[in-house]
Protein chains: 4
Amino acid sequence: MYSFILQRRVSYAETDRMGYLYYGHYAAYYEAARVEALRAIGIRYRDLEDRHILMPVRRMECRFLAPALYDEMVHISVRIPRLPELRMEFMYELRNEQGKLLNTAFTELVFYDAKLKKPVRAPEELVEKLRPYFTAPENTN
Amino acid sequence: MYSFILQRRVSYAETDRMGYLYYGHYAAYYEAARVEALRAIGIRYRDLEDRHILMPVRRMECRFLAPALYDEMVHISVRIPRLPELRMEFMYELRNEQGKLLNTAFTELVFYDAKLKKPVRAPEELVEKLRPYFTAPENTN
Amino acid sequence: MYSFILQRRVSYAETDRMGYLYYGHYAAYYEAARVEALRAIGIRYRDLEDRHILMPVRRMECRFLAPALYDEMVHISVRIPRLPELRMEFMYELRNEQGKLLNTAFTELVFYDAKLKKPVRAPEELVEKLRPYFTAPENTN
Amino acid sequence: MYSFILQRRVSYAETDRMGYLYYGHYAAYYEAARVEALRAIGIRYRDLEDRHILMPVRRMECRFLAPALYDEMVHISVRIPRLPELRMEFMYELRNEQGKLLNTAFTELVFYDAKLKKPVRAPEELVEKLRPYFTAPENTN
């Protein structure tokens, strides 16, 4: 398992008339968290796209437990539960500064080769960078 | 069951670097569809809020089956599967002009009284406007 | 001079904590107005891009006179004040349903050939479609 | 004069079909820069609003000189050219990591008392926090 935490402040642009982070903007928070989680292990999503590997989102599930309010610093915890093969899963937990759980979510992405115009397996480089986080636990006992 | 269809064109603002409708913007499409579905039976969400009834989204589930492309006219079909009580459910299907299914989704909203600061039951006016769509089929046979 | 009016309702997604249309979202309203203004005379911006002519915005000036509120139907009046050559100008006036002037704006776009990677003149087809709106008045008296 | 620099990375959510930061999203970059510029001298915009002082934008002027691209870290330099009285001005310069100037902009905000429902002067606390940056240079030589 690999996990990462990103902080992001709720901007005025993202609030709605209730003063809440609009429910549609969480997707951008998830995106930021997974992109930075990958950058932290040396994978730039931008580089994958330069090699014509796109990662469109196929599935998203969100639970909105409590509102994220204007100017709050939100802690987005993202977790990759298993090594990607044909799909890549990310799980998210968003908390405010007081540690209150605001939102949980799940996204599933696929790998798509824009040149071949078809789904492909996870790039080897990505799998190799992630493997150390997944092999260790399986070695125990 | 009550259902409604809204058309909405994918704008440049909503596209991303892939030329797709960004996955985070679907939530605004769902919002537009459910607001117009209610307006069509004489319920303005704005009026509910003026009486301090908010309807925050508690749950959202989306499947992205095919991309919605720039300038495409998307048909958003929204369906209210059951009469709201403590919760209100909406189901969505998005298709392009060729009828291709692009996206399916589900959202669950609750009713929250901003003055009482607690969840409440669906406003009677909303339930009454919807009831005719739900009682009729049960009378048949 | 060529002018066109588009109506667009302020969505919850676009409101901010003040209950106003967020100032950053007006740009999407201008975009929608100019794209539909061109569509009305038979020019699809999408087709220009398919022929690798992009129209990036180079300049924008906005005055925010009164807020556009949630669920208001905004009338966006867009005007092309002169035939495009190297640049294309659009002027906008946004009013609410009561006719109150909310916003005035100006944008200047250029034509950029993505294949040649350099600015180009307005496509002949676009100029020809617009010409009738500009030559007539000059012929009078 | 008071100035401040904020860094912000262009997200996928903010790109458009050209792969550029969409022109409408710059407004959110300006907002982030001015809010953080004020936070750095001890003024939280959130606190002003809690005392019912809103700061709506009245005027915005932008020049788009070169595109900000996906995943680029943009340096937003914001400058308050004069002490606010009835209005508050901000000037912005956006550069990419190579120092290339991408965008310049100007916004003018006013102070509005949501309780009195009328424009007011700049809050004394804000003026006092800014005054040192404006009086000092005039004392020199």
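**Exercise 1.** State which pattern of strands and helices chain A follows along the sequence.

*Solution.* Take helices as DSSP runs of H or I with at least four residues and strands as runs of E with at least two, numbered from the N terminus. Chain A then has four helices and seven strands. Read along the sequence, their pattern is β-α-α-β-β-β-β-β-β-α-α. The model is predicted: local features need pLDDT of at least 70, side-chain atom pairs count only at pLDDT 80 or more, and totals for chains, interfaces and linings use all residues. Residues are numbered from 1 along each chain as its sequence is written, while chains are lettered from A and ligands numbered from 1 in the order in which they are written.

**Exercise 2.** Describe the side of chain A that touches chain D.

*Solution.* Count two residues as in contact if their C-beta atoms, placed from the backbone, lie within 7 Å. Ten residues of chain A then contact ten of chain D. On the chain A side, helix H1 (residues 26-39) gives the most, with three residues.

**Exercise 3.** Find the rotation that lays chain A on chain D.

*Solution.* Superpose the copies by least squares on the C-alpha atoms of residues with pLDDT of at least 70 in both. A turn of 180 degrees with a shift of 0.0 Å along the axis lays chain A on chain D with an RMSD of 0.0 Å. This is therefore the relation of a two-fold axis. The same surface serves both copies, as 100% of the contact residues of chain A recur in chain D. Within chain A, the residue that comes closest to the rotation axis is A:Arg8, at 5.5 Å (C-alpha).
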